[in-house]
Amino acid sequence: MLRPLRRIVPLLSTRNSFKLYSAHRSVFATGSVYPDSVVKPSMESKLYLPPPEVRGMTSLNKEAFTQTVTVPALRVSTQVLNKVVKRLTKSILKCPGISRVVQDKESEDFRLVLLDPRRVTSADSFSEAEAEALGSFDVSQELLHYEVKLTYDNLKSEEVLEAVLPPGQDVTSGFSRVGHIVHLNLREHQLPYRNLIGQVIMDKNLGVTCVVNKTNIIDSTYRVFEMEVLAGEENMVAKVKENGWTYEFDFSRVYWNPRLSMEHQRVVQEVKRGDTVFDVFAGVGPFAIPAARKGAQVLANDLNPESYRWLQHNSKLNKVVDKVKAFNVDGRAFIQGTMREELPALLKAKTTVHVVMNLPALALEFLDAFRGLLHQEPPCDENLPTVYCYGFSKDDDPEKGMVERASRSLGFPLEHRCSVRLVRNVAPNKNMMCVRFTLPKEVLFSQDHDHTELPEEPAPKRHKCEETAVLS
């Protein structure tokens with residue numbers, strides 16, 4: 001899922017301690033309301049205003065966040081309680097973890113209906129409809145005021161971080177969750193507070209037991225990055241569910257992006273039973289596994305030995321070992337080796353073929369590997385492979401830029417012969433795009449198959465191909 005840290009209104013806790021204002025204890029003890037001439041406690045626009053001593057904190061002290069706030073309430077008879085609650089939907093206090101109705105300690109026949117102090121500050125705050133309903137149920141509109149104790153446990157992570165970081169500094173920072181691991185991309189001004197931030201994120205997200213921060217850019221070779229553990233355990237083996245399928249992997253040694261769930265599903269929806277899928281940069285199998293579950297034959301490759309190992313493991317985990325052949329070679333070698341060997345028979349059998357190339361940093365540069373791939377085979381016009389090639393674009397016109405780069409690598413113009421779509425915005429002025437096209441016969445069967453030297457993945461490795469394997 002990507003969840004941004006935003007400024008929000010504080011929440012109250014189920015463990016709140018409701019008590020009468022000490023200054024008016026004798027007045028409220030009978031359930032009465034004080035007259036307008038009595039000075040009432042001020043109502044703030046925000047329920048929680050952080051104590052100044054938490055500002056600049058780098059080591060988390062939870063006790064320092066404790067504070068008492070005031071909420072208004074109406075005293076309502078139990079006989080009309082449900083009807084009153086339904087009529088006050090706009091004014092009633094709606095806070096996860098707190099009951100909107102509490103016992104009136106003065107009488108078993110009455111309850112206290114808690115109201116939102118940001119909406120209700122006096123009897124005049126009720127709408128005409130609400131006031132009319134209260135009158136019809138014989139409920140006094142005079143407000144009782146009660147103290148509520150808020151602690152660190154009652155606050156959202158956004159509130160804690162906003163209180164701690166220096167004023168004026170942006171606390172917004174997106175994070176990704178991968179199983180029990182939260183992955184942060186902290187900004188420079190947040191780094192002095194990184195351990196506190198990690199602890200807060202772990203405290204406020206159920207099931208999170210490890211928080212890490214990326215310390216460098218993704219290595220396009222294996223699509224992994226160095227990371228620092230900010231809080232929790234150092235267990236990096238995650239288990240996630242995506243689109244109904246289960247994946248396990250070492251997050252520190254393979255590539256996984258939870259923000260691509262919809263993209264994986266979109267492409268797999270085009271795959272039918274009996275199709276064949278060549279996944280050139282397969283990772284741990286987010287395209288390969290669901291395609292195989294739909295009944296396709298999948299040949300999936302990844303240069304990273306760890307991805308290759310977990311791809312085999314996930315094939316077994318999702319019961320598709322008979323549908324997935326895993327390879328551990330350079331992407332260009334996979335295209336010019338395995339694909340070249342398999343394609344002639346598939347084309348002859350009129351099998352629908354899909355080629356997925358999800359390595360956005362480099363995939364476009366691998367398209368030249370298709371030039372003259374089947375130059376020794378008789379050309380055909382039907383049932384040519386469909387290619388899904390991903391890339392990053394910083395162009396003012398990203399669609400045009402993708403088409404031009406793909407055309408250049410293929411050595412053949414794709415204008416008006418392809419479709420381009422935005423997958424996601426990666427950063428300001430940087431988009432992840434997908435260009436989809438039918439592999440032109442002029443490229444696939446070209447007799448001019450000399451290739452321009454382009455950047456490749458690391459040095460060629462010993463060819464591996466296994467259909468089943470189990471992690472030790």
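Biologist: At what N to O distance do the side chains of Arg332 and Asp368 meet in a salt bridge?
Modeller: This is a predicted model, in which local features need pLDDT of at least 70 and side-chain atom pairs count only at pLDDT 80 or more, while totals for chains, interfaces and linings use all residues. Residues are numbered from 1 along each chain as its sequence is written, and side-chain values use heavy atoms, with hydrogens and water left out. A salt bridge here is a side-chain nitrogen of Lys or Arg within 4 Å of a carboxyl oxygen of Asp or Glu. For Arg332 and Asp368, the N to O distance is 2.5 Å.

Biologist: How many residues apart are Arg332 and Asp368, the pair that links distant parts of the chain?
Modeller: Helices (DSSP H or I, at least four residues) and strands (E, at least two) are numbered from the N terminus. Arg332 lies in helix 9 (residues 331–348), whereas Asp368 lies in the loop between strand 16 (353–357) and strand 17 (386–393), and the separation is 36 residues.

Biologist: Is Asp368 buried or exposed?
Modeller: Buried means under 20% relative accessible area, exposed over 50%, and partly exposed in between, with a 1.4 Å probe and protein chains only; the areas come from the Shrake-Rupley method. Its partner Arg332 has 7% relative accessibility and counts as buried. Asp368 has 0% relative accessibility, so this residue counts as buried.

Biologist: Which residue forms a salt bridge with Asp104?
Modeller: Asp104, at 5% relative accessibility, is buried, whereas the partner, at 25%, is partly exposed. Asp104 lies in the loop between strand 4 (101–103) and strand 5 (110–114) and the partner in strand 3 (residues 67–77), so the pair ties together parts that are 29 residues apart in sequence. The closest N and O atoms are 2.5 Å apart, and the partner is Arg75.

Biologist: How many salt bridges does a search of the whole structure find?
Modeller: One of the pairs is Asp116 with Arg118, at 2.7 Å from N to O, and a network of salt bridges links Glu263, Arg266, Glu270, Arg421 and Arg436. For the whole structure, the search finds a total of 15.

Biologist: In which helix does Glu399 lie?
Modeller: Glu399 gathers with Asp395, Asp396, Asp397, Glu404 and Glu415 in a surface patch of negative charge, a patch being made of residues with over 30% relative accessible area and no salt bridge, like charges being joined within 9 Å. Glu399 is partly exposed, with a relative accessible area of 44%. The element that holds Glu399 spans residues 398–410 and is helix 10.

Conventions. Patch = residues over 30% accessible without salt bridge, like charges linked within 9 Å, V, L, I, M, F, W, Y side chains within 5 Å. Areas by Shrake-Rupley, 256 points an atom, 1.4 Å probe, with all protein chains shown as cover. Lys, Arg positive; Asp, Glu negative; His and termini not counted. Charge placed at Lys NZ, Arg CZ, Asp CG, Glu CD.
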